[in-house]
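Walk me through this structure, from its helices and strands to its empty spaces.

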Amino acid sequence: MLQGKNVLLGVSGGIAAYKMANVASMLMKLHADVHVVMTRNAAKFITPETFEVLTKNKVYLDTFDEQPDDAVHVPHISLGTGADVILIAPATADIIGKIAGGIADDMLSTVVLPARCPILICPSMNVYMLENPIVQDNISKLKRFGYEIVEPAEGYLACGYEGKGKLPEESYLVERILHAVAREKDMAGKKVVVSAGPTQESLDPVRFITNHSSGKMGYALAEAAALRGAKVTLVSGPTALKTPYGVERVDVLSAEDMYREVTGAAADADIVVMAAAVADYTPRTVADRKIKKNDGDLSIPLARTKDILKTLGEKKRPGQFICGFSMETENLLQNSAEKLRKKNADMICANSLTQEGAGYQVDTNILTLITKDGNEQLPLMSKLDAAHAIFDKILAL
Ligand code: CTP
């Protein structure tokens, strides 16, 4: 996801500096070209050699570290101007103060001055240092000048205090970098609604009817749209998944809840993708006490739920794009084309439960994109790649 991207990590002297080795390693796995600039104090918590081994690039601490052959590139300028994104984490009160004051007295404070790329700053320090009005004023000033502040997490701090000031999870820092540079913002200004996961239809206070959906395809769609700059609302049934950065998530349980939230959010949406596995039937009545067993069999009367996709198709505004999913065990293309027509959708993404690598729970999918103009068969790919392919098609249409 970061192939061809130059990521500059600025590490200043907080105890969490050691965690940045993991961030560097995660970025390398995403094929980024990673450069690290550290302060002298950061090098007391983690050695430059650690980052050099991980990134295969020279680590700079001081402008006077520049070598004779660096003269052509002048690292204190080229490291900043060559970066596609800069993340300063942990950012101490000292480096925040220096950047806010325009001071450039070491390599890290110097490289940010000529940079033209997004600069993310992650304040990381003792809770009372963070609350200090001068530090807060410096942070506000950085925000005003277009620096992106990555809010510190709350919890137990190395100094023994509890509160705000922790470096967030490494995976979250990588997510913020991805959000800043991984994709062109070709969906900026678009409102996208995605539904995901299963629904739960209650029988009594202890039991419900549901299905095997993990929500992975819907969450990948929400992540892809957010990476491309869209404003995303994710209406989600119960899943074990993390909300992707930049996505507004609305939690629902039943098909009726999902109907209400999706149709409400869809009213002003440009694109709606129904990836949720919505129950087609719900128990006709919900017992208010636990249903006790008897000797014989039990039948539960079920009532039809509202078809959300069909409702969206009926209410479709001009210019709005409605996309559904179809999961079949037989006659996949024929049944899916029929759903496209009956539900007045603009596209149906069909996946067969019988193909290996497609369907519930797995991280990959094999989709056929069905529109009124014909079918496009996608190969086996990750659900995130499949999500991008779906939006490529929607944007093209
Ligand atoms: N869907 C919906 N509301 C429902 C049921 C399904 O919006 N109450 C949506 C799903 O999110 C999906 C599409 O309809 O985008 C197809 O769902 P699927 O269950 O595969 O097809 P059905 O039309 O329900 O037909 P069948 O169950 O007979 O296969």
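What follows is a tour of a predicted model.

Start with helix 14, which covers residues 383-396. How far apart are the end C-alpha atoms of helix 14? They are 20 Å apart. At 1.5 Å a residue, the 14 residues of helix 14 should span 20 Å, so the two values agree.

Next comes its setting. In helix 14, 10 of the 14 residues are buried, so the rest of the structure largely encloses this helix. The buried residues are Lys 383, Leu 384, Ala 386, Ala 387, His 388, Ala 389, Ile 390, Phe 391, Lys 393 and Ile 394. Lysines 383 and 393 are thus on the buried list, alongside aliphatic residues such as Leu 384 and Ile 394. In an α-helix there are 3.6 residues a turn, so residues three or four places apart point the same way.

Pick out Phe 391 from helix 14. Is Phe 391 buried or exposed? Its relative accessible area is 0%, and the cut-off for buried is under 20%, so Phe 391 counts as buried. Which residues touch Phe 391, leaving aside its neighbours within four places in sequence? The contacts are Met 187, Val 192, Leu 221, Ala 224, Ala 225, Arg 228, Ile 271 and Val 273. Two of these partners, Leu 221 and Ala 224, have numbers that fall in helix 10 (216-227). Ile 271 and Val 273 have numbers that fall in strand 13 (residues 271-274). For a distant reference point, take Ala 21. It is 370 residues from Phe 391 along the chain, and the two C-alpha atoms are separated by 34 Å.

Val 273 leads on to the strands. Strand 13 pairs with strand 16 in the parallel sense, over 4 bridges. Within that pairing, Val 273 stands opposite Cys 323 in strand 16. Strand 16 also has strand 17 (residues 347-352) as a partner. Those two run parallel and are joined by 6 bridges. There, Glu 328 stands opposite Ser 352 in strand 17. How many residues of strand 16 are buried? The count is 7 of 8, and the strand is mostly covered.

Strand 16 also takes part in a pocket. The largest pocket has a volume of about 920 Å³. It is lined by 42 residues, and the closest to its centre are Ala 276, Ala 277, Val 278, Phe 325 and Met 327. Helix 10, strand 15 (302-304), helix 12 (308-314) and strand 16 each give two or more residues to this lining. The largest share, 4 residues, comes from strand 16. By class, the lining divides into 17 nonpolar, 15 polar and 10 charged residues.

Turn to the second largest pocket, which holds about 560 Å³ of space. Of its 19 lining residues, the closest to its centre are Ala 220, Glu 223, Lys 242, Pro 244 and Leu 384. Helix 9, helix 10 and helix 14 each give two or more residues here. Leu 384 is also one of the buried residues of helix 14. The lining divides into 10 nonpolar, 3 polar and 6 charged residues.

A closed space comes next. There is 1 cavity of 30 Å³ or more. Its volume is about 50 Å³. Which residues line the largest cavity? They are Glu 175, Leu 178, His 179, Glu 223, Ala 226, Leu 227, Pro 244 and Tyr 245. Helix 9 (170-181) and helix 10 (216-227) each supply two or more of them. The lining has 5 nonpolar, 1 polar and 2 charged residues. Glu 223 and Pro 244 line this cavity, and they are also among the residues closest to the centre of the second largest pocket.

Finish with the backbone. A cis peptide bond joins Ala 89 and Pro 90, with omega about -10°. Pro 90 sits in strand 3 (residues 85-91).

Positive phi values appear at two residues that are not glycine, His 31 and Asn 331. Phi of His 31 is near 70°, and this residue lies in the loop between helix 1 (20-29) and strand 2 (33-38). For Asn 331, phi is about 45°. Asn 331 lies in the loop between strand 16 (321-328) and helix 13 (332-342). Its relative accessibility is 47%, so Asn 331 counts as partly exposed.

How values were computed. Residues numbered from 1 in each chain as written. Predicted model: local features only at pLDDT ≥ 70, side-chain atom pairs only at ≥ 80, totals over all residues. Heavy atoms only, no water. 1 Å grid on protein atoms, 1.4 Å probe; cavity = no way out; pocket = protein on both sides within 12 Å on 5 of 7 lines; lining within 4 Å. Points joined across faces, edges and corners; volume = space filled by probe spheres on them. Nonpolar A, V, L, I, M, F, W, Y, C, P; charged D, E, K, R; others polar. Buried < 20%, exposed > 50% of the residue type's maximum accessible area, 1.4 Å probe, protein only. Contact = heavy atoms within 4.5 Å. Expected span 1.5 Å × (residues − 1). Pairing = 2+ DSSP bridges.
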